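Here is a walk through one structure, with the sequence and the model side by side. Keep the viewer open and follow along.

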Amino acid sequence: MKKVDAYQIVTNIIMILWTIIIIAPFLLLFMSSITEENVLVANGYSFFPAKFSIASYAYIIRSGATILKSYAVSIGVTAVGTLVSVILSAMMAYPLSLRNLPGRRVLMFLVFFTMLFSGGIVPSYIMWSNTFHIKDTIFAQLLPNLLLSAWNVMMIRTYFSTSIPDALYEAAEIDGASQIRIFRIIALPLGKPILVTIGTFAGLGYWNDWTNGLYYISKNKDLYNVQNLLNQMVQNIQYLATSTSSNANAAAASLPATGIQMAIAFVAILPIMLIFPFFQKYYAKGIAVGAVKG
Amino acid sequence: MSNNGKEIKSGGKTEALKRYWPLYLMFLPGAIYLFINNYIPMGGLIVAFKSYSAKKGIWGSAWCGLDNFKFLFSTPDAWVITRNTLLYNLAFILTTTVVGIIFAIFICDCISKRAQKIYQSAILFPYLMSSVVLGYIVYAFLSNSTGIVNNTLLSEPINWYATPNAWPFILVFVNLWKGVGYGCLIYISTINGIDTALYEAATLDGATKWQQIKNVTLPELKPTVITLTLMSIGRVFYSDFGLFYQVTRNSGMIYSTTNVIDTYVYRGLMEQNNVGMSAAAGFYQSICGFILVLLANQIVRKISSENALL
């Protein structure tokens with residue numbers, strides 16, 4: 001029987017403090033985004049700004065063609081990338097879940113080896129840019145690294161082979177269903193929980209990615225996603241801080257005010273905040289299952 | 001690799017092939033992707049032994065033996081980035097494991113189910129942020145002129161992005177803030193799986209809370225902790241590029257304590273156009289990483305084979 005004792009009080013206080021430590025920075029980000037620009041420059045970021053203003057958000061909506069375009073890229077790439085990723089992963093995992101498939105061990109190893117060894121960014125970068133010429137195309141946001149992960153394939157495979165009853169497959173085989181039909185009418189619908197989980201992994205991977213843009217998008221800034229836009233603003237600030245050349249003026253001119261930067265950052269995490277309650281369960285389960293079972 | 005899986009009927013080998021070719025077809029698109037995205041770059045690692053010229057490509061460039069490595073290891077950078085990468089990772093493993101276990105125990109012992117849910121959501125949330133946003137958040141605290149730390153907490157402002165000695169602490173804390181939820185969720189699911197009879201028996205024997213934790217919870221957590229730790233050790237040559245690039249704002253003044261192999265490779269490749277050195281560092285990382293993953297996995301397999309990767 002658990003009762004409210006000193007242990008309960010102390011541990012709850014610690015956890016409440018940590019929860020505040022987690023929430024406070026997001027609150028600061030939000031408060032900064034609704035602080036009047038002059039107050040922000042004079043007093044710095046604050047939880048209790050002297051003067052509020054929604055000018056930053058008005059700016060994003062009104063004149064921020066670049067900003068809105070970057071959201072469109074983020075949303076489009078995340079949607080397409082996630083969908084393709086889940087389909088490809090499931091298609092790859094299903095054959096691997098069939099014990100008697102000839103050559104299964106070899107195929108498994110092909111997938112699995114990519115978890116152990118990696119060529120790293122230098123050869124990847126050279127290949128994607130010089131062989132496939134994806135630089136400054138939308139494929140740069142979609143293809144490198146994010147589309148398929150061996151880890152996800154392994155998780156789906158394990159789910160298919162442990163959570164779907166054998167009898168269902170047998171019944172379908174007796175009915176003369178083809179393998180593709182069995183995949184479609186049994187494995188996919190019954191595997192929905194794991195596919196949603198993998199979808200949250202892939203979706204978050206796409207939404208949060210900024211490295212592909214960093215490496216592969218240099219000229220065509222229309223293809224920046226939100227994260228790339230935020231990153232570019234940081235680089236411009238750093239450039240301003242260290243440079244005295246006349247180019248600095250150009251960088252300064254293209255730099256939105258501090259409050260607007262914080263507003264963009266806040267809107268970048270807004271979708272995650274909004275859908276977090278819905279996908280949290282799947283995501284958390286994925287972590288617990290994936291880490292221990294692979 | 002475990003051998004569980006669905007049984008499919010197989011007659012002779014050719015018959016099976018005839019019957020199951022659609023399955024191989026299903027496997028193919030993903031396999032092509034892995035071949036391009038993962039396997040070709042593995043072969044491309046030979047660029048570390050070449051004097052790379054963009055015109056001639058990896059294959060056409062002239063061999064240069066170990067020159068790239070000689071250059072790399074003759075600079076102090078090689079030592080600095082190795083030291084930083086390894087020490088940061090060890091500090092990250094230690095802090096997230098210890099704090100993760102403590103939080104997991106606290107959360108599981110919490111009486112209020114509702115509070116449990118809130119704590120769990122809270123610790124997971126920062127894990128879902130992109131490093132770019134993380135960088136903005138840290139900047140709101142540490143910025144020179146507008147940061148909340150310099151403005152409200154300190155009388156004498158500190159130029160954080162030019163103070164190398166502060167960064168080991170900042171990065172370890174930021175990593176904990178962001179990452180503790182990941183391990184914690186795994187520990188929570190392990191603790192929830194512990195047979196409650198063990199606790200009931202302990203209570204009957206008059207065990208205190210601390211004795212229960214020490215004699216029941218921790219021993220039951222041990223296999224999970226060992227597995228997770230070894231898996232992290234298998235990756236100590238890799239770091240979270242975003243953490244070391246975005247959170248530090250790529251500030252040159254603090255490279256001595258924030259440069260890791262991943263940021264070094266990036267800068268060589270994209271900022272200094274020094275492909276040779278970058279490739280050598282990348283090769284060094286790939287090989288050391290591979291050896292460590294294999295070693296770590298061997299040990300996991302010895303301890304608890306069902307958790308081993310292969």
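Which hand does the crossing of α10(B) and α14(B) have, left or right? It is left-handed. Bear in mind while you look that this is a predicted model.

**Helix packing in chain B**

Start with that pair. Helix α10 of chain B covers residues 209–233 and helix α14 of chain B covers residues 275–303; the two pack at an angle of about 165 degrees, with 8 Å between their axes. Angles over 145 degrees count as roughly antiparallel, and α10(B) and α14(B) are therefore roughly antiparallel to each other. On the α10(B) side, the contact is made by Pro223(B), Ile226(B), Thr227(B), Leu230(B), Met231(B) and Ile233(B). Facing them from α14(B) are Leu292(B), Ala296(B), Ile299(B), Val300(B) and Ile303(B). Sorted by class, the residues of this contact come out as 10 nonpolar, one polar and no charged.

Helix α10(B) also meets α4 of chain B (residues 76–109). Here the axes come within 11 Å and cross at roughly 145 degrees, and the crossing of α4(B) past α10(B) is right-handed. If you want to click through the contact, α4(B) brings Ile93(B), Thr97(B), Ile101(B) and Ile105(B). From α10(B), the partners are Ile213(B), Thr217(B), Leu221(B), Val225(B), Thr229(B) and Ser232(B). That contact holds six nonpolar and four polar residues, with no charged ones.

Now back to α14(B), which has another partner in α3 of chain B (residues 67–74). These two pack at an angle of about 85 degrees, with their axes 8 Å apart. With 65 to 115 degrees counting as roughly perpendicular, α3(B) and α14(B) are therefore roughly perpendicular to each other. Asn68(B), Phe69(B), Phe71(B) and Leu72(B) of α3(B) meet a run of α14(B) residues made up of Gly276(B), Met277(B), Ala279(B), Ala280(B) and Ala281(B). Seven of the contact residues are nonpolar, two are polar and none is charged.

Here are the three pairs in one place:

| Helix pair | Angle | Axis distance |
|---|---|---|
| α10(B) and α14(B) | about 165 degrees | 8 Å |
| α4(B) and α10(B) | roughly 145 degrees | within 11 Å |
| α3(B) and α14(B) | about 85 degrees | 8 Å |

**Where the chains meet**

How many residues does each chain put into the contact between A and B? Chain A gives 90 residues and chain B gives 89. On the chain A side, helix α1 (residues 6–33) gives the most, with 14 residues. By class, that side of chain A has 56 nonpolar, 30 polar and four charged residues.

For a close-up of a residue that touches the other chain, pick Ile126(A). You'll find Ile126(A) in helix α6 of chain A. It counts as buried because 21 other C-beta atoms lie inside 10 Å, and the cut-off for buried is 20 or more. Setting aside neighbours within four places in sequence, Ile126(A) is in contact with Gly44(B), Val47(B) and Ile58(B). Try a distance along chain A too: the C-alpha atoms of Ile126(A) and Leu168(A) are 47 Å apart, with their positions 42 residues apart in the chain.

**Two domains in chain A**

The domain assignment splits chain A into domain 1 (1–53) and domain 2 (61–293). Their C-alpha centres lie 31 Å apart. Eight residues of domain 1 of chain A are in contact with seven of domain 2 of chain A. On the domain 1 side, the elements giving two or more residues are α1 and α2 (37–43) of chain A, and α1(A) gives the most, with four. That side divides into four nonpolar, three polar and one charged residue.

**Two backbone oddities in chain A**

Most residues other than glycine have a negative phi. Which residue in the loop between α6 (121–131) and α7 (139–142) of chain A is worth a look? That is His133(A), whose phi is positive, about 50 degrees, although it is not a glycine. His133(A) is exposed, with 11 other C-beta atoms within 10 Å.

Further along, Asn145(A) is in the loop between α7 and α8 (150–163) of chain A. Asn145(A) is not a glycine either, yet has a positive phi of about 65 degrees. With 16 other C-beta atoms within 10 Å, Asn145(A) is partly exposed.

How values were computed: Residues are numbered from 1 along each chain as its sequence is written. Chains are lettered from A and ligands numbered from 1 in the order in which they are written. This is a predicted model: local features need pLDDT of at least 70, side-chain atom pairs count only at pLDDT 80 or more; totals for chains, interfaces and linings use all residues. Axes are lines fitted to C-alpha atoms, for helices over the stretch in contact, and angles run from 0 to 180 degrees between N-to-C directions. Angles under 35 degrees count as roughly parallel, over 145 as roughly antiparallel, 65 to 115 as roughly perpendicular and the rest as oblique. A crossing is left-handed if the near helix is turned anticlockwise from the far one by less than a right angle, and right-handed if clockwise. Two residues are in contact if their C-beta atoms, placed from the backbone, lie within 7 Å. Ala, Val, Leu, Ile, Met, Phe, Trp, Tyr, Cys and Pro count as nonpolar, Asp, Glu, Lys and Arg as charged, and the others, Gly among them, as polar. A residue is buried if 20 or more other C-beta atoms lie within 10 Å of its own, exposed if 12 or fewer, and partly exposed in between; C-beta atoms are placed from the backbone. Domain bounds come from an automatic or database domain assignment.
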